[in-house]
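Load the model in your viewer and keep the selection tool at hand. The stops below run from a helix to a strand, then to a cavity and some charged pairs.

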Amino acid sequence: MTSTKKDPVLVVLQLTGGNDYFNTVIPYTDPLYYDNRPFVKYEQDQIIKIDDQLGLMPTMGPLKELYDQGKVAIIHGIGYKDSPRSHFRSMDIWHTCEPDKVGTEGWAGRVAREMDPRKENVLTAINFGHGLPRALSVPGVPVAAIADLSTYGVLTGISDQAQRAKALDLFARMYSPAIGAGMVTDYLRATGMEALAGADIVKVAPERYSSTVEYPNTSIAMHLRDITQVYLADLGTRIFYTQHGSFDTHAGEMAGHPTLWKDVSEGIAAFFQDLHEHGAGENVIMYLFSEFGRRVHDNGSGTDHGAAGAAFVIGDPVKGGMYGEYPSRKAENLEQGDLVPNYDFRGAYTTIVENWLGMDAKPIVNGNFEKLGFL
């Protein structure tokens, strides 16, 4: 099947809860890895080697295959200065690009507004999963939120007016303390009807979809299949957002963390296989991030909140390989026992917004940040 060049599309996969960078991309030749991880570690013969220093945890085989094809960029040491190590605040910073104050606009929502300033397509941006991430939340920008494409919707699927009013009120009270009651109410009023319109349009996607690819029966794989269906239906969606978790592995990490990455890796492999089956991989990239990494030294069963992390960019147009530098593991170079970020996350957004989406990133990310060469 021959493909025609289409508008560039971005899929964001949020690894919610703070992914353990040190146990994801592992410096397996560094004695400090084993010194700091008496319990929460992998032995050298288990690790999927990338080169003579770094490897991936054992369940990331499908991602390693994509890496070997030159389609995965790994960004080291990503984060920002003075990480608060709070899930809510840290995710808020990643979502709004405002580390010094509470932001009111999400970076991906700003991108959607730039793509469709006159709101001609209510499906320019879609979140797959429950609720609406702050990254997509901008007053006046319609965003559809799809929990399950086969039974679409969150709020929009509630036909009874009283029930919907109750759900909207709950949503409003949840976000009001952070960004003000008036703003939340205005946002809901402005976007509520547009979301309902999107619900009607997007129903055609499953009907138009046919594939031989079998996705795993996991929540993240189902979201990625839903994204594929909507993307292949040509409804004009440019930003797809979804998330998986929780990566908050304070306890039982060696049981939970490998399963999380197995589900993510297998889901991503099926997603890109599906795109290729339809001749549709050349204009899609996927960005994976987590709000922070985790403490260098384990706590006996898991790991506590940290700072620096890793991000991944995946797709046919990606120039695969390693980007940035793995932060020092030496005790004297740690901050509060954590790997110190050495690459500002807004630089990764800048690279994607400018080199992939073709827009000026400064107003999206609030400033100038160093780009990397993965696109």
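Helices here are DSSP runs of H or I with at least four residues, and they are numbered from the N terminus. The model is a predicted one.

**Stop 1: a helix residue.** Select helix α9, residues 253-277, and pick out Phe 271 within that helix. Is Phe 271 buried or exposed? Phe 271 counts as buried, because its relative accessibility is 2% and the cut-off for buried is under 20%. Now show its surroundings: leaving aside residues up to four places away in sequence, Phe 271 touches Val 11, Tyr 215, Leu 224, Ile 227, Thr 228, Val 284 and Met 286. For a distance check, take the C-alpha atoms of Phe 271 and Met 222, which are 9.7 Å apart in space and 49 residues apart in sequence.

**Stop 2: a strand and its partners.** Select strand β8, residues 239-244. Five of its six residues are buried, so β8 is largely enclosed by the rest of the structure. Add strand β1 (residues 9-15), which runs parallel to β8 and is joined to it by six bridges. Then add β6 (residues 125-128), also parallel to β8, with four bridges. Tyr 241 in β8 stands opposite Val 12, and Tyr 241 is also the bridge partner of Asn 127.

**Stop 3: a cavity.** Two cavities of 30 Å³ or more are counted. Go to the second largest, which holds about 50 Å³ of space. Its lining includes Ile 78, Tyr 80, Trp 94, Glu 291, Phe 292 and Pro 341. Strands β5 (72-79) and β10 (309-314) each supply at least two lining residues. By class, the lining has seven nonpolar, four polar and one charged residues.

**Stop 4: salt bridges.** The count is 18. Start with Lys 64 and Asp 68, whose side chains meet at 2.9 Å, N to O. They are four residues apart in helix α2 (residues 61-68), and therefore separated by about one helical turn. Lys 64 is buried at 14% relative accessible area, whereas Asp 68 is exposed at 53%.

Next select Arg 294 and Asp 248, which form a salt bridge with their closest N and O atoms 3.0 Å apart. Arg 294 lies in the loop between β9 (284-289) and β10, and Asp 248 in the loop between β8 and α9, so the pair ties together parts 46 residues apart in sequence. Arg 294 is buried at 2%; Asp 248 is partly exposed at 28%.

Finish with Arg 85, Arg 295 and Asp 338, which are linked in a network of salt bridges.

Terms used
Residues numbered from 1 in each chain as written. Predicted model: local features only at pLDDT ≥ 70, side-chain atom pairs only at ≥ 80, totals over all residues. Heavy atoms only, no water. 1 Å grid on protein atoms, 1.4 Å probe; cavity = no way out; pocket = protein on both sides within 12 Å on 5 of 7 lines; lining within 4 Å. Points joined across faces, edges and corners; volume = space filled by probe spheres on them. Nonpolar A, V, L, I, M, F, W, Y, C, P; charged D, E, K, R; others polar. Buried < 20%, exposed > 50% of the residue type's maximum accessible area, 1.4 Å probe, protein only. Contact = heavy atoms within 4.5 Å. Pairing = 2+ DSSP bridges. Salt bridge = Lys/Arg side-chain N within 4 Å of Asp/Glu carboxyl O.
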